[in-house]
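User: Please take a close look at one region of this protein chain and set it within the rest of the model. Which residues and elements come together there, and how are they arranged?

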Amino acid sequence: MARESDTLAVHPCFKFREKPRSFRFDGKTLFPVSALQESISTFPKRERPKVRDQTVDRGVTRIIAQAALLTVAVIAVTQIASYAIWGGMDGGYELSIVLAGVLIPLSTCFPISLFLLLQRNRLADVLARLEAVHGELKERSSRDAMTGLLHRQAFFERLTSTAGEAGVVLVIDVDHFKSVNDTHGHAAGDQALRSIAETLEKVTGASGAVARFGGEEFCVFLPIADEFEGLKLGEKIRRQVGRIEFSPEGVRRRLTVSVGVARHSSGDSVELAISAADAALYEAKRAGRNRVVCSPRKSQPELGRDVA
């Protein structure tokens with residue numbers, strides 16, 4: 001049976017040519033540094049694959065071709081002008097004039113045009129990158145940092161940009177959320193909000209807009225929909241939130257939401273629809289929470305409550 005001092009647990013990649021001597025220090029097994037260095041030296045060296053940017057190569061080739069064509073054009077113009085000037089003079093159109101009309105554009109026009117074209121290409125690339133970064137920053141600035149949903153201002157801007165589009169607005173509030181923070185801590189509360197946000201995005205789909213208004217309140221806009229479709233969506237949200245697996249500190253806790261639904265008519269202000277949905281939300285709260293209520297502007301039944 002091997003003694004503890006003879007046993008050395010190392011990574012499989014370490015390949016010792018001979019068994020290193022082990023030493024005991026402070027209850028731990030050590031081995032000489034030279035042996036470790038020798039084992040590392042046997043590692044196969046990885047070479048980074050040389051990836052050639054074919055797009056850049058094609059761009060440079062195109063620029064060189066453009067500079068060459070421009071130079072040829074300048075040479076042609078120079079030769080025509082030289083012949084027009086010196087062709088009728090004594091001595092005629094000499095070879096030295098021809099060579100000067102070729103060499104001077106080659107030594108000046110080609111490098112200058114190549115430099116300017118390369119700079120223009122680089123500037124276009126920088127502008128494209130700046131536009132991409134600007135778009136990314138604009139997208140990030142419109143999102144809630146914790147949930148990734150639209151924040152309140154971005155949600156209003158999104159609906160204002162589609163002011164002529166009718167639909168339904170849903171205002172959603174998490175029931176008894178304060179008790180989640182008080183009982184399990186703010187980290188658990190943040191996780192609950194993130195889970196609910198994911199559920200809202202999944203249920204609403206790409207056609208709708210989902211936002212976090214602040215705290216535990218969310219808002220959804222579903223375009224080209226009436227109150228009945230809004231009630232169906234609200235009920236689906238309520239049921240799916242109730243199925244979220246939320247177990248802070250190993251304790252299963254069921255999350256529920258109350259939902260208010262209101263019609264957003266074409267030409268109406270966004271604030272009017274959200275205010276009506278908010279009033280319906282408070283009706284759902286007063287009726288016992290965990291339910292969906294439609295704005296009284298349209299006579300619609302309330303949905304819920306089924307405790308799973």
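Analyst: In what follows, two residues are in contact when they have heavy atoms within 4.5 Å of each other. The model is a predicted one, and the account below centres on helix 4, its pocket and its neighbours, with the other helix packing added for context.

Some figures for the whole chain come first. The protein chain has 308 residues, of which 34% are buried. Its secondary structure consists of eight helices and seven strands. Of the contacts between residues at least 6 apart in sequence, 66% link residues at least 24 apart.

The approach to helix 4 is a suitable starting point. Leu150 sits in the loop between helix 3 (95–141) and helix 4. Is Leu150 buried or exposed? Its relative accessible area is 3%, so Leu150 is buried. Apart from residues up to four places away in sequence, Leu150 touches Ser142, Arg143 and Asp144, as well as Phe155 and Arg158, and also Ala209, Val210, Ala211 and Arg212. With Ala209 the separation in sequence is 59 residues, while the C-alpha atoms lie 7.9 Å apart.

Several of these partners recur at the second largest pocket, whose volume is about 190 Å³. Sixteen is the number of residues lining this pocket, and those closest to its centre are Arg158, Ala206, Gly208, Ala209 and Val210. Arg158, Ala209 and Val210 are also among the residues that Leu150 touches. Three elements give two or more residues to the lining, namely helix 4 (152–161), strand 4 (209–214) and strand 5 (217–223). The lining comprises eight nonpolar, four polar and four charged residues.

Helix 4 also packs against helix 8 (residues 270–286); their axes come within 10 Å and cross at roughly 120°. The two helices are therefore oblique to each other. From helix 4, the residues Phe155, Phe156, Leu159 and Thr160 take part, and they meet Val270, Glu271 and Ile274 of helix 8. By class, this contact holds five nonpolar residues, one polar and one charged. Phe155 thus belongs to the helix 4 side of this contact and is also touched by Leu150.

The surroundings of helix 8 can be followed in both directions along the chain. Before it, Gly267 lies in the loop between strand 6 (257–264) and helix 8. Gly267 is exposed, with a relative accessible area of 63%. Its C-alpha atom is 8.0 Å from that of Ala166, although the two residues are 101 apart along the chain. Beyond helix 8, Arg289 occupies the loop that leads to strand 7 (292–294). Arg289 has a relative accessible area of 30% and is partly exposed. Most residues other than glycine have a negative phi. Arg289 has a positive phi, near 70°.

After strand 7 comes the segment that contains Ser295. Ser295 counts as buried because its relative accessibility is 3%, and the cut-off for burial is under 20%. Leaving out residues up to four places away in sequence, Ser295 touches Val261, Ala262, Ala276 and Ala280. Ser295 and Ala276 are 19 residues apart along the chain, with 5.9 Å between their C-alpha atoms.

A second helix packing offers a further view of the chain. Leading into it, His176 lies in the loop between strand 3 (167–174) and helix 5. His176 is another residue that is not a glycine and has a positive phi, of about 50°. At a relative accessible area of 48%, His176 is partly exposed.

Helix 5 (residues 177–184) then packs on helix 6 (residues 186–204), with an angle of about 140° and axes 6 Å apart. That angle makes helix 5 oblique to helix 6. Phe177, Val180, Asn181 and His184 form the helix 5 side, facing His186, Ala188, Gly189, Ala192 and Leu193 in helix 6. The residues of this contact are five nonpolar and four polar, with no charged residue.

Helix 6 also contains Thr199. How does Thr199 relate to the solvent and to its neighbours? Thr199 is buried, with a relative accessible area of 13%. Setting aside neighbours within four places in sequence, Thr199 is in contact with Gln240, Val241 and Ile244.

Conventions:
Residues are numbered from 1 along each chain as its sequence is written. This is a predicted model: local features need pLDDT of at least 70, side-chain atom pairs count only at pLDDT 80 or more; totals for chains, interfaces and linings use all residues. Side-chain values use heavy atoms; hydrogens and water are left out. Axes are lines fitted to C-alpha atoms, for helices over the stretch in contact, and angles run from 0 to 180 degrees between N-to-C directions. Helices (H or I, at least four residues) and strands (E, at least two) are DSSP runs, numbered from the N terminus. Angles under 35 degrees count as roughly parallel, over 145 as roughly antiparallel, 65 to 115 as roughly perpendicular and the rest as oblique. Ala, Val, Leu, Ile, Met, Phe, Trp, Tyr, Cys and Pro count as nonpolar, Asp, Glu, Lys and Arg as charged, and the others, Gly among them, as polar. On a 1 Å grid over the protein atoms alone, a cavity is a set of points where a 1.4 Å probe fits but cannot get out, and a pocket is an open set with protein on both sides within 12 Å along at least five of seven lines; lining residues have an atom within 4 Å of a point. Grid points are joined across faces, edges and corners, and a volume is the space filled by probe spheres set on the points. Buried means under 20% relative accessible area, exposed over 50%, partly exposed in between (1.4 Å probe, protein chains only).
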